[in-house]
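Thank you all for making the time. I would like to walk through one structure this morning, beginning with a single residue and working outwards to the whole chain.

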Amino acid sequence: MSEEELSSAFTQFFSFISGKTQSLPEFEEIQAPRVRTGLTTRVARAVAAAYEEVHVALSDPANGFPGSVKELLRHTPNDVRLILGLQE
C-alpha cells in the first residue's frame, strides 16, 4: 500500500470508530439488548486487536515501511481501545 492509501484507510477507520459514519444497518436490526451488547463488545475487541496488529507491523522497521508512515500512527492501540469503550 502506498502512503496515500494508508492515510485514506486510517481516515476512514477513525471516522467509523468515532461514530462519524453510520453503523451497519443489519446491526441496528438486532432487538435483544443483551445480544447487541455482547456483539458490540466482541466486535470492538476484534477491531482493537486488528488495529494493534497493523500498528505493530507499520512501526517495525524490519517491515520496510518508510519512516513517514509513523506520522499516520498518531493513535496508539490503547487510544483505539479507549475510543471503542474497552478501557477507561
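Let me begin with V80, which lies in helix α4, where helices (H or I, at least four residues) and strands (E, at least two) are DSSP runs numbered from the N terminus. Before going further, I should say that this is a predicted model, in which local features need pLDDT of at least 70 and side-chain atom pairs count only at pLDDT 80 or more, while totals for chains, interfaces and linings use all residues. Residues are numbered from 1 along each chain as its sequence is written, and side-chain values use heavy atoms, with hydrogens and water left out.

Is V80 buried or exposed? V80 counts as buried, at 0% relative accessibility, where buried means under 20% relative accessible area, exposed over 50%, and partly exposed in between, with a 1.4 Å probe and protein chains only. If we leave aside the neighbours within four places in sequence, V80 is in contact with F13, F14, I17, A48 and Y51, contact meaning heavy atoms within 4.5 Å. For one of these partners, A48, the C-alpha atom is separated from that of V80 by 6.2 Å, although the two residues are 32 apart along the chain.

Staying in helix α4, we come to R81, whose side chain meets that of E52 in a salt bridge, at 3.2 Å from N to O; the term requires a side-chain nitrogen of Lys or Arg within 4 Å of a carboxyl oxygen of Asp or Glu. This pair links distant parts of the chain, with E52 in helix α3 (residues 33-59) and R81 in helix α4 (residues 77-83), 29 residues apart. Both residues are partly exposed, E52 at 34% relative accessibility and R81 with a relative accessible area of 21%. The structure holds one salt bridge.

Turning to the surface, E3, E4, E5 and E71 gather in a patch of negative charge, a patch being made of residues with over 30% relative accessible area and no salt bridge, with like charges joined within 9 Å and nonpolar side chains (Val, Leu, Ile, Met, Phe, Trp, Tyr) within 5 Å. E3 has its place in helix α1 (residues 3-17) and is partly exposed, with a relative accessible area of 31%.

Finally, the overall picture: the protein chain has four helices and zero strands, and its C-alpha trace spans about 45 × 25 × 20 Å along its principal axes. Of its 88 residues, 17% count as buried.

Note on methods: Accessible areas come from the Shrake-Rupley method with a 1.4 Å probe; for residues, only the protein chains shown count as cover. Lys and Arg count as positive and Asp and Glu as negative; His and the chain ends are not counted. The place of a charge is taken as NZ of Lys, CZ of Arg, CG of Asp or CD of Glu.
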